[in-house]
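Open the model in a viewer and keep the selection tool at hand. The stops below go through strands, turns, a side-chain contact and a surface patch.

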Amino acid sequence: TIISGALTLDASADITLDATGDVNIPADIGLTLGSDNEKIEGDGTNLALSAAGRLTAVTGSHIILNSSTYTNITQTKDSATAATGSMGIRADYTRTGDISSGLNSITNFTVTTTQTGASGGSHTITGINNTMIGDGGGTVTAYGFKQNFLANPGTSLPDTIIGIQSKHAG
């Protein structure tokens, strides 16, 4: 059945689509959630997930980014005139309560690169490559790697602090 013009569904409960195939939305037509500030839209090649605030992915396990060529996470701050702000990948872990026995191990950021099957040639593997370019105006402070080890007020720092640990095996 073809319906022309606007279609409004007014339901007092969930709306269930019972289809045996895909639900198709044409290219450059988005699925709007709440308002135009929250939208999913594709152009036939790229998919955009737009959120006026945070975009939250909730999962019971992993978030996997899979690409046949490479996966690149690019973060862009649109305002060139912003006086303050921050960018980056952030991992926060908060654990409260007493850990009187056992082991509590936290890894916030892991980069694993594997090169196998090469019969010759030259191979370069870079775990983290950080390039910083300052414009020379004002005071520019650049940290290639910065760590802060802090203790809660009235407590002491951990018994062992390791800034960078490097292991070589094989």
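How many residues lie between β1 and β2 in their hairpin, and which residue in the turn has a positive phi? The model is a predicted one. Select β1, residues 31–33, and β2, residues 35–42. One residue separates the two strands of this hairpin, and G34 in the turn has a positive phi of about 85°. β1 and β2 run antiparallel and are joined by three bridges. To see a pair of facing residues, pick T32 and look across to K39 in β2, which stands opposite.

Next, keep β2 selected and add β3, residues 47–50. These two strands are also antiparallel, and four bridges connect β2 with β3. They make a hairpin with four residues between the strands. In that turn, select G44: its phi is positive, about 100°. For a bridge within this pairing, show E41 together with A48, its partner in β3.

Now display the side chains of K39 and E41. What kind of contact do the side chains of E41 and K39 make? They meet in a salt bridge, with 3.4 Å from N to O. The structure holds one salt bridge. Are these two residues buried, exposed or partly exposed? E41 has a relative accessibility of 22% and K39 has 23%, so both count as partly exposed. The cut-off for buried is under 20%. Each of the two residues has already appeared in a strand pairing: K39 opposite T32, and E41 with A48.

Switch to a surface view and select I25, I29, L31, L33, I40, L47, L49 and L55. Together they form a nonpolar patch with about 760 Å² of accessible area. Which elements give two or more residues to this patch? They are β1 and β3.

From the patch, single out L55. This leucine is found in the segment after β3. L55 counts as exposed because its relative accessibility is 60%, and the cut-off for exposed is over 50%.

For the last stop, move along the chain to G127, also in the segment after β3. G127 has a relative accessible area of 45%, so this glycine is partly exposed. Add T110 to the selection and draw a distance between the two C-alpha atoms. How far apart are G127 and T110 in sequence and in space? The separation is 17 residues along the sequence and 9.3 Å from C-alpha to C-alpha.

Terms used: Residues numbered from 1 in each chain as written. Predicted model: local features only at pLDDT ≥ 70, side-chain atom pairs only at ≥ 80, totals over all residues. Heavy atoms only, no water. Salt bridge = Lys/Arg side-chain N within 4 Å of Asp/Glu carboxyl O. Buried < 20%, exposed > 50% of the residue type's maximum accessible area, 1.4 Å probe, protein only. Patch = residues over 30% accessible without salt bridge, like charges linked within 9 Å, V, L, I, M, F, W, Y side chains within 5 Å. Areas by Shrake-Rupley, 256 points an atom, 1.4 Å probe, with all protein chains shown as cover. Pairing = 2+ DSSP bridges.
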